[in-house]
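This report examines one protein model, helix by helix and residue by residue. Please keep the sequence and the structure in view while reading.

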Amino acid sequence: MSHAPQALNHAPASESRHSSAAREAAVALSIGFLAAALGLTPWWITGAKLPLQNLWANQVMPDQMPLALLPLSQYEVLTLIALLTTGGAAAGLVIRLWKPVHRGVATWCAVGGVLMVQVVATVQSFTALNNGLAGGRLTDYYYFGLLAGVISSLAASLVALLLIAAKTRAIAALGIGLVAVPFTSWAVAWAVGVAGRQNLPIQVPAIAHWVPAVLVGCALAWCGLKPTRRVVVWVLNLVFLWVIPAVFTAVQSVLGTRVIAGDIPEMVLMGQQVLTAALGPDGGAGPTVLLALGIGLVGVAVRTIAARQAAGKQ
C-alpha cells in the first residue's frame, strides 16, 4: 500500500519531463524554420525572380522570369552556398545560446525545421527551372550540376548547424571557422539586396575581404589553446580561411565563363589552374590568415591575464 503514493508522485514528474521535451522540440523546430528563412531572405527581398538563363527556351525579360525561392544560376553558385549554409549556422547558434535541457532532441528538431524550408525551396526552384529550360545534353549537365551543388550546400548547412550547436566549445569554434567565408558572402548579399548592385558602396568588398579573418580570429580566441588538442581546431580553421576563398574563386571563375561551358575536361583544367594560383603567394590569403592568428593569440592572452587577475583577487 505504501508504494502507491510513490507511483502517483512519479507519474506527474514523468509527464512534466515529456511536456518539457515536447515544448523544446516545438521551439527548436520553429528556430530551424525561421533560421532557414532568414538565410534565404537576402534573395527574397530582391523579388525572388529566377535569374536569366543562358539555356532558357524562350527569350524573356528579367521581370518575366518565374518565381524561384533559390537563385539558381551558374553565376550565383556562391550566393546559393552562402544562403543555405548561413541558415543552418544561424539555427545552430541559437540552439547553442539557448542551451535547452533536451539538447539532442532540440538540435535534431532544428535540423528538421531547416530542412523543411530548404527542401521546399529547392523543389520549387528546380521545378520552375525545369519548366523553362530548353532541352539538350548541355541543359542536362547544367540542371544536374546545379542540383548537385544545392544538395552539397544543404549538407554543409546541416554540418554547420550540428557543429555550432555542439556542447564542446572547440567543435563549435570549428563550425564558425567553416562558415566564416559563406557568412560574409551572405552579408554582402544582404547589402546588394538592399542597395542594389549599382549602388553598392565601394567600401563593401574591401571590408568583406577581412571579415572572415576577424570571425575566425574571434572564434580561436574564444576556443582557447587549452587543452593542447585544441591546437588542431586552430590549424583547421586557419586552413579553412586559406582554402575556402580559393575554392570559391576557382568555382566562380569556371562557372562564370561561357567559352568552355559544357567542356568538362577544360573546365576541370581551368579550375585546377585558378585554384593553384589562388592558393599560392599571389592569392592574397597570407595577410588574412595572419590577421586571424594574431586576433586569436591576442584574445587568448587577454583572457589569460583576466583569469589570473580574477584569481588573484580571490
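## Helix α5 and its kink

At A180, helix α5 has a kink of about 45 degrees, and the proline P182 comes shortly after A180. The structure under discussion is a predicted model, and every value in this report is computed from it.

Helix α5 contains 27 residues, and the distance from its first C-alpha to its last is 37 Å. That span is close to the 39 Å expected at 1.5 Å a residue. Just after α5 comes G196, which takes a positive phi of about 90 degrees.

## Helix α6 and its bend

Helix α6 also changes direction: α6 bends by about 30 degrees at W210. A proline, P212, follows W210 within four residues. With 21 residues, α6 reaches 30 Å from its first C-alpha to its last, close to the 30 Å expected at 1.5 Å a residue.

Which residues of α6 are buried? They are V204, A208, P212, A213, V216, G217, A219, L220, A221 and C223. The proline P212 is thus found both after the bend and among the buried residues of α6.

## The cysteine C223

C223 has a relative accessible area of 1%. Because a residue under 20% counts as buried, C223 is placed in that class.

How many disulfides does the model contain? The count comes to zero. C223 is in no disulfide, and the nearest cysteine sulfur, that of C218, is 13 Å away. A disulfide would require the two sulfur atoms to lie within 2.5 Å.

## The loop after α6

The loop between α6 and α7 holds P227. The peptide bond that joins K226 and P227 is cis, with omega at about 0 degrees.

## Helix α2 and two positive phi angles

Helix α2 has 22 residues and reaches 32 Å from its first C-alpha to its last, close to the 32 Å expected at 1.5 Å a residue. Is α2 mostly covered or mostly uncovered? It is mostly covered, since 16 of the 22 residues of α2 are buried.

Just after α2, K99 takes a positive phi of about 55 degrees, although K99 is not a glycine. K99 is placed in the loop between α2 and α3. A48 likewise has a positive phi of about 55 degrees and is not a glycine; A48 is placed in the loop between α1 and α2.

Are these residues buried or exposed? A48 is buried, with a relative accessible area of 5%. K99, at 59% relative accessibility, counts as exposed, because the exposed class begins over 50%.

## The largest pocket

The largest pocket holds about 1,200 Å³ of space. It is lined by 45 residues, and the closest to its centre are L78, T79, S185, V188 and R197.

Which helices each supply at least two residues of the lining? They are α1, α2, α5, α6, α7 and α9. The kinked helix α5 and the mostly covered helix α2 are therefore both contributors to the lining. By type, the lining residues divide into 28 nonpolar, 14 polar and three charged.

## Three residues in other helices

A121 is found in helix α3 and is buried, with a relative accessible area of 1%. Its C-alpha atom is separated by 7.7 Å from that of A68, and the two residues are 53 residues apart along the chain.

M270 belongs to helix α8, which covers residues 264-279. M270 has a relative accessible area of 25% and is partly exposed. Between M270 and V251 there are 9.6 Å in space, C-alpha to C-alpha, and the two are 19 residues apart in sequence.

A310 lies in helix α9. At 39% relative accessibility, A310 counts as partly exposed. A310 and Y75 are 235 residues apart in sequence, and their C-alpha atoms are 53 Å apart in space.

Methods
Residues numbered from 1 in each chain as written. Predicted model: local features only at pLDDT ≥ 70, side-chain atom pairs only at ≥ 80, totals over all residues. Heavy atoms only, no water. 1 Å grid on protein atoms, 1.4 Å probe; cavity = no way out; pocket = protein on both sides within 12 Å on 5 of 7 lines; lining within 4 Å. Points joined across faces, edges and corners; volume = space filled by probe spheres on them. Nonpolar A, V, L, I, M, F, W, Y, C, P; charged D, E, K, R; others polar. Expected span 1.5 Å × (residues − 1). Bend = angle between axes of the 7 residues up to and from the residue. Buried < 20%, exposed > 50% of the residue type's maximum accessible area, 1.4 Å probe, protein only.
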